[in-house]
Amino acid sequence: MSWSSDSESQTSKLVRKSRDAPFVPIGMAGFAGVVAYGLYRLKSRGSMKMSVHLIHMRVAAQGFVVGAVTLGVIYSMYKEYLAPRDPSQSSK
């Protein structure tokens, strides 16, 4: 089993999915950003319990991902149903 072939196939899969749904990598980056910010703020959480801080961090990260996916769905619906089409490329 070769690690390089696995990472290449994962990379190509990510690139392909990024082309199909451009908001997926935005959601992933936002998730990573929220988690990084939450870890940064971990020191200054004050008297807040650790479990409450982690729950807030998780909800914020999930909210960012859900928002990005929602925008992606709206964008794809716009492209499919509302965007003006070029008559020369009409296949339907």
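This is a short talk on how the helices of one predicted model sit together.

Okay, so, the overall picture. The protein has three helices and zero strands, and reading along the sequence you get α-α-α. Keep in mind that what you're looking at is a predicted model. The mean pLDDT is 81, and 87% of the residues reach 70 or more. That confidence isn't spread evenly, though: among the elements, helix α1, residues 3-20, has the lowest mean pLDDT, at 73, while α3 has the highest, at 88. As a general caution, where pLDDT is low, the predicted coordinates should not be read in detail. I'll spend my time on α2 and α3.

A couple of totals before we zoom in. Of the 92 residues, 11% count as buried. The accessible surface comes to about 7700 Å², and 65% of that belongs to carbon and sulfur atoms. And if you take contacts between residues at least 6 apart in sequence, 55% of them join residues at least 24 apart.

Now, α3. This helix covers residues 50-82. It has 33 residues and goes 47 Å from first C-alpha to last, close to the 48 Å expected at 1.5 Å a residue. Which residues of α3 are buried? They're His53, Met57, Ala61, Ala68 and Gly72. And what do they pack against? That would be α2. Here's a handy reminder: an α-helix has 3.6 residues a turn, so residues three or four places apart point the same way.

Let's walk along α3, beginning with His53, which sits in that helix. Is His53 buried or exposed? It counts as buried, because its relative accessible area is 10%, and the cut-off for buried is under 20%. Leaving out neighbours within four places in sequence, His53 is in contact with Gly38, Arg41, Leu42, Arg45 and Met48.

Next, Val34, over on α2, which spans residues 23-40. Again leaving aside neighbours within four places, Val34 touches Met57, Ala60, Ala61 and Phe64. Two of those, Met57 and Ala61, are on the buried list for α3. If you want a distance to check in your viewer, Val34 and Gly63 are 9.9 Å apart, C-alpha to C-alpha, with their positions 29 residues apart in sequence.

Moving on to Ile26, also in α2. Ile26 and Ala68 are 42 residues apart in sequence, yet 6.7 Å apart in space, C-alpha to C-alpha. Ala68 is one of the buried residues of α3. Ile26, on the other hand, counts as partly exposed, because its relative accessibility is 43%.

Then there's Val24, another α2 residue. Val24 pairs up with Val69: 45 residues apart in sequence and 6.7 Å in space, C-alpha to C-alpha. Val24 is partly exposed too, since its relative accessible area is 36%.

Val69 brings me to my last stop, the surface. Which residues make the nonpolar patch? They're Val69, Val73, Met77, Tyr78, Tyr81 and Leu82, and together they make about 660 Å² of nonpolar surface. Tyr81 belongs to α3, and it counts as exposed because its relative accessibility is 63%, with the exposed cut-off being over 50%.

So, to wrap up: the buried residues of α3 pack against α2, and there's a nonpolar surface patch that includes Val69 and Tyr81. That's what I had.

Notes. Residues are numbered from 1 along each chain as its sequence is written. This is a predicted model: local features need pLDDT of at least 70, side-chain atom pairs count only at pLDDT 80 or more; totals for chains, interfaces and linings use all residues. Side-chain values use heavy atoms; hydrogens and water are left out. Patches are made of residues with over 30% relative accessible area and no salt bridge: like charges are joined within 9 Å, nonpolar side chains (Val, Leu, Ile, Met, Phe, Trp, Tyr) within 5 Å. Accessible areas come from the Shrake-Rupley method with a 1.4 Å probe; for residues, only the protein chains shown count as cover. A salt bridge is a side-chain nitrogen of Lys or Arg within 4 Å of a carboxyl oxygen of Asp or Glu. Helices (H or I, at least four residues) and strands (E, at least two) are DSSP runs, numbered from the N terminus. Buried means under 20% relative accessible area, exposed over 50%, partly exposed in between (1.4 Å probe, protein chains only). Contact means heavy atoms within 4.5 Å. pLDDT is the predictor's confidence in each residue, from 0 to 100. The expected span of a helix is 1.5 Å times one less than its number of residues.
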